[in-house]
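User: I would like to learn how to read an interface, a salt bridge and a cavity in a model. Could you take me through them one at a time?

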Amino acid sequence: MREISILHVDDDDDIRTITQIAFSLHPEIELTQFGSGEEAVSFAATGNADILLLDFMMPGLDGLATLEKLRELPQYKNTPAVFMTAKAEKGMKGILMDAGAASVITKPFDPMTLGDTVIGVLKACSATSQILELDSPARPDSAIQTE
Amino acid sequence: MATAAVFCLVVVVGYAGYASIYGLLTGESQFRVNIQAINILAISLMMGVLIVALHRRDQILEIAVKFENLRQNSANANQWIIQSSAIIAVTDTDGFILYVNRVFEEAFDYTQDEVVGENACILYEDGKHDYQFAEVSKTTRLGDTWSGEQSLRKKDGSLILVQGTILPIFDHEGRHTKTVAIRTDVTSERTAEAGDNMTSLLRKLQDEVFIFRADNLQPKFLNDLALHRCGLKSLDGVNQPIHEIISGLDEELIVAHTQPLISGDQQVALVSLTSDDGKEYEMSTRLHRGMDEIPVYVSILRDITERRLVDEARLASVSIVSHELRTPLTSIKGSLRLLMSGVVGELPSKARDMLVIADRNSDRLLTIVNDILDYEKLQAGKMELEFAPVDLTEFVLHAIENHRGYASQHGVELGIENSHLNAIVEADNDRLMQVMSNILSNAIKFSPESGKVVISITQTANHCGVIVSDQGPGIPDELRSDVFANFSQIEPADGRRRVGTGLGMAISRRIIEEHGGTIDFVSEIGCGSDFFFTLPLKRPLETSAAIAKKRVLSRSINTQKADTNA
């Protein structure tokens, strides 16, 4: 039974393949993949996802721009976003977290633990959202940082 | 006619030369001329020269010139001795001192009794007397006069600079019997000249030079560019401390900048500053403790804008290359991990072995990519540290946990000592772990099978440290300097090279230095090595350079108190 839907965007075909195999280890995950930010945005208008998994460096719409476009759609306004980046600098992680990332995964990543990591982020975000709703229902949406 | 004229000249010169030598060597001011000796000398000379003149006319002229030189030299020497204003020493042909005058005694602090009988080489600087003395001896033995400047040693070992003329003295048969050295002390002139030259060089230096007192921070010297920055033509009448004449600096910054020099924690203090026109400067300061003088700080302010731009451009390139390499590595490592896990099907054991090799080497490649990027960041001053309290005991236990698998692969046991210490430092935990990983992984891979690597925590009043002791082959002394060098892979005492990037320890050293700490090792062949690093308990003031970097160094300067909030 599919319980978690993930929208994955990466311009590298091989990395998409590895990611697909990695998530296939988790039957509860339904994965939708795109090779560019533009494709993802055009699909997203009619679709939905529990969590976004975005490559940062992409031609055309990069990860941040893709997230920005997705956030304009009501169904993705609060969807947790996880960035994957080969830019290893600490500063880069800070930039992405400030831009609303729930977590940042540095490439190369371990495909054997990728599914657990993403599910962990989703659970943490859900739990935090529930707490926030209890504490302050009127509080505006904010980026949730799990790391 | 010419021959007759030369005869007359030779006789006169011979007589004068004889009289001069006699006077010189007896020390009498009035020469008592032995008529018989003169006659014999004159007759001998005339006969000798006549014979030579008949056969070798060209040699007559040479002899005449030599006699004339001798006459002139001897006459001058005699005059100097009489006036006693020059430093004079008479030695035998082997350099043993026969006589020194009063001025010599004053100049070298030796008494006549102390030096007579000694060889003149005692006056020469250690290591120089062999060739200098040989040069002088060779010249005088050839009958020539040596002239030049010498650096000679006084009785107390201090040096004086002298201008000297050293000439041979011949007996009436033309044999070199003695040597006279006539010298003048030119130390003060040369020192003044050197000082003037140095000051002139400093004035025209393309870096700004500020020399100011360590006690009240008042400026003692500013070169032309430094004066220009401060809007001054000279330091006449300027009594304000240095931070009041350089806009953009304040007392807090100067104190923070110089404090590690006073405490002895650092030999050179560095701080980065930015001017209001966007230029970047680096100020490096040393503490100079001159003899009998108030200690001064010598600060050099250098425009590093271009260097920074080059560093940043290089870092940007390396960063792009790093990203471009990491992307295919993600696919390679990801594929290998999936294959090895068996999720895409079971593999024969030999195939798995090959995958382990491929995986290990892809890790190695990733380490190289990371190290090069870190190295460039450090070079460009772009490695920003995030300081937070780090409990060293927890830190070491974490490091051991991280390396347990690697240690067991090598059959090495890991242990900790002094874990009871409450050693807490302010550090960037991730970067410190990078240093620890470098040291620990080296210790493990150089250890013998069943060896033990022990990690100890140390604590003093101001510092905490970590020591990693291994039982490896040890590092030969001649390779000591290579250990922390860039791209250096040393060959240990057992001759077995281990893989590595050659950058790990160089990066570790820079990281520890950025923390205001030190990193080093002791090693004994066959007994292992102890690598250690120490960190100050409190975050060092110098590493708060990030704050200082935001300081604005204004170009529009006046002698009024600067706006410290600039």
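Analyst: What follows is a short dialogue on these three features.
This is a predicted model, in which local features need pLDDT of at least 70 and side-chain atom pairs count only at pLDDT 80 or more, while totals for chains, interfaces and linings use all residues. Residues are numbered from 1 along each chain as its sequence is written, chains are lettered from A and ligands numbered from 1 in the order in which they are written, and side-chain values use heavy atoms, with hydrogens and water left out.

User: How many residues of chain B are in contact with chain A, and what area do the two chains bury?

Analyst: The size of an interface is often given as the accessible area lost when the parts come together. Here 21 residues of chain B are in contact (heavy atoms within 4.5 Å) with 19 residues of chain A. Between them the chains bury about 1,800 Å², 67% of it on carbon and sulfur atoms, where buried area is the accessible area (1.4 Å probe) that two parts lose on being put together, summed over both. Of the area that chain B buries against chain A, 31% is supplied by B:His323, B:Thr330 and B:Leu338, more than by any other three residues.

User: Which side chains meet in a salt bridge between the chains?

Analyst: A salt bridge is a side-chain nitrogen of Lys or Arg within 4 Å of a carboxyl oxygen of Asp or Glu. Between chain B and chain A the count is one, and it joins A:Asp110 to B:Arg337 at 2.9 Å, N to O. Helices H11 (305-341) and H12 (349-379) of chain B are the elements that give two or more residues to the side touching chain A, where helices are DSSP runs (H or I, at least four residues) and strands are too (E, at least two), numbered from the N terminus. H11(B) gives the most, with 13 residues.

User: Where is empty space left inside, and which residues lie nearest its centre?

Analyst: Rolling a probe the size of a water molecule over the atoms shows where empty space is left. A cavity is a set of points, on a 1 Å grid over the protein atoms alone, where a 1.4 Å probe fits but cannot get out, and its lining residues have an atom within 4 Å of a point. The structure holds one cavity of 30 Å³ or more, and the largest cavity has about 170 Å³ of space, a volume being the space filled by probe spheres set on the points, which are joined across faces, edges and corners. Its lining has 20 residues, of which B:Thr91, B:Ala120, B:Phe133, B:Val136 and B:Thr179 lie nearest the centre. H6(B) gives the largest share of that lining, five residues.

Notes
1 Å grid on protein atoms, 1.4 Å probe; cavity = no way out; pocket = protein on both sides within 12 Å on 5 of 7 lines; lining within 4 Å.
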